[in-house]
2 protein chains.
Amino acid sequence: MKVVVAEKCGFCPGVENAISMAEKILAEEKEVYSLGPIIHNKDVIERLAKKGLKTVDSVAEIKSGTVLIRSHGAGPEQIAKIKEKGLKIADATCVLVKRVQQIAEELERDGYEIVVVGDKNHPEVQAVVGCVRDVVVVADETDLGKLPENGKLGVVCQTTQSPEHFCRMLGAVARRGFSELKVINTLCKEAIKRQESAVELCKQVDIMFVLGGLESANTRKLAELCKKWNSQTFHLQNWKELDIDVVLGKNVAGVTAGASTPEWIIAEFVENLEGFDNRVDT
Amino acid sequence: MKVVVAEKCGFCPGVENAISMAEKILAEEKEVYSLGPIIHNKDVIERLAKKGLKTVDSVAEIKSGTVLIRSHGAGPEQIAKIKEKGLKIADATCVLVKRVQQIAEELERDGYEIVVVGDKNHPEVQAVVGCVRDVVVVADETDLGKLPENGKLGVVCQTTQSPEHFCRMLGAVARRGFSELKVINTLCKEAIKRQESAVELCKQVDIMFVLGGLESANTRKLAELCKKWNSQTFHLQNWKELDIDVVLGKNVAGVTAGASTPEWIIAEFVENLEGFDNRVDT
């Protein structure tokens, strides 16, 4: 069948940096730990695990060696624990994620209560939350009740949210009542470009595939956006997960991928799909 | 018929101050000019005119005497002209309106491009616009094209807009793209209380009257809000303007009034309406 790949998709510079940093350290050092999955992609994690990268949940599990801070970053409490233990740090925090943490700290210093628009369970958001004292995480309208009324609020956003969602939440946060709002646009431009080109593509195809980790926030956001415009949207981790029946009778498929999806997963998927005969047997 | 008056309506402190200042000066001085109508209420203007207050459109028309700056304020250019001519100034600018001007100036000093959510033809907004260099006035979505993209924007609001409108426009301004937004809530709490109590009342009555000058922004906003909830809403300046046919067959009337509507206009309206036999002759 005909397959069109989104103009902008796959690895972003932050993820590329984290992986190449991991590979470099693994070639040099014996004991390398990632605090949480280095990126939200099972295939990449498995590949790096084979090269020796051990993924752990907490600093308590590490006795010696080097700790790789993943692209989503780590809170100052975790960093302090690593330093206390005398472990080496290799910081692969995405520069844009680091920026959100710094901005949140600056806003707090300037007397703002911090509001993070994002998912409270996402490691990036948890790292930002760890950087400040007074902070409210707002995922959607149901979280508005947590906001102080008539506050002086400093608002930032998880880097991988969509501009639509961020701006809708800004209006909603304001509607709760405020004396002052200082909002810094912390959205990742790479993520926005991926969203825009995915939405554009999904409107033109019969079926849309979004490739990437099920835990990957930016991939999930891509899938959520595409679903709005094309109900035949499927979020898969790789070719193996495809139930081939869904493409039967479809002529053109679109493919996009999250920022943590490696090129070889996209290439394998596209190649196999292009080779597939999609005619319905009648 | 039964008439219910909104819990909060009529003169606000800013208007009361402007009128009492005018009366005091008129008792002391011979030549007193108001630069534009002192408040947006014809009846009040006529009353003060009888006491000697002359309303002019520009400083050019004034040769000597005292210039009363009305509650909506005046831009620095006008103030400079008045001072140049050696005229005396009596400043009755509402403190909240003055605050918007000061905030806009501060935001500009801090490097923000100014955005005023409001009506570009309203004197309050014109005075704010006169205080800063780079400024865009946004009335509604049709004005969003005027905004710079990805700007560092300092946003204020005309004091008499509704919170709903202000917050909706904030979301829309953000959606145009921005690097940073600093938003100061410059809405007048008195105006908001009037809006809330008007909306609450209009939902419970058969017919709703909003009393106040046709040019009065806060009165028009009251009428606009009530109309959303009660299609039988009428914006009138006073009792004389009422077409009595509209109340025929109605049992309960609600009455609210803008911040520039004097108590005697409300009292006269309510008294006459209460005395009216609203039964339809059959």
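**Exercise 1.** Determine where Asn150(B) lies and classify its exposure.

*Solution.* Asn150(B) lies in the loop of chain B between β7 (135-138) and β8 (151-157), strands being DSSP runs (E, at least two residues) and helices likewise (H or I, at least four), numbered from the N terminus. The model is predicted: local features need pLDDT of at least 70 and side-chain atom pairs count only at pLDDT 80 or more, while totals for chains, interfaces and linings use all residues. Residues are numbered from 1 along each chain as its sequence is written, and side-chain values use heavy atoms, with hydrogens and water left out.

Next, the relative accessibility of Asn150(B) is 47%, so this residue counts as partly exposed (buried is under 20% relative accessible area, exposed over 50%, partly exposed in between; 1.4 Å probe, protein chains only).

Finally, phi of Asn150(B) is near 55°, a positive value in a residue other than glycine. Most residues other than glycine have a negative phi.

**Exercise 2.** Characterise the aromatic pair of Phe178(A) and Phe166(B).

*Solution.* Over all chains, the structure holds eight aromatic pairs (rings of Phe, Tyr and Trp, the last by its six-membered ring, with centres within 6.5 Å; planes under 30 degrees apart are stacked, over 60 edge-to-face, the rest tilted). In one of them, Phe178(A) and Phe166(B) are 6.0 Å apart centre to centre with 40° between the planes, hence a tilted pair. This pair crosses between chains, from strand β9 (residues 178-184) of chain A to helix α6 (residues 163-175) of chain B. As for accessibility, Phe178(A) is buried because its relative accessible area is 3%, and Phe166(B) is buried at 0%.

Technical notes:
Chains lettered and ligands numbered in written order.
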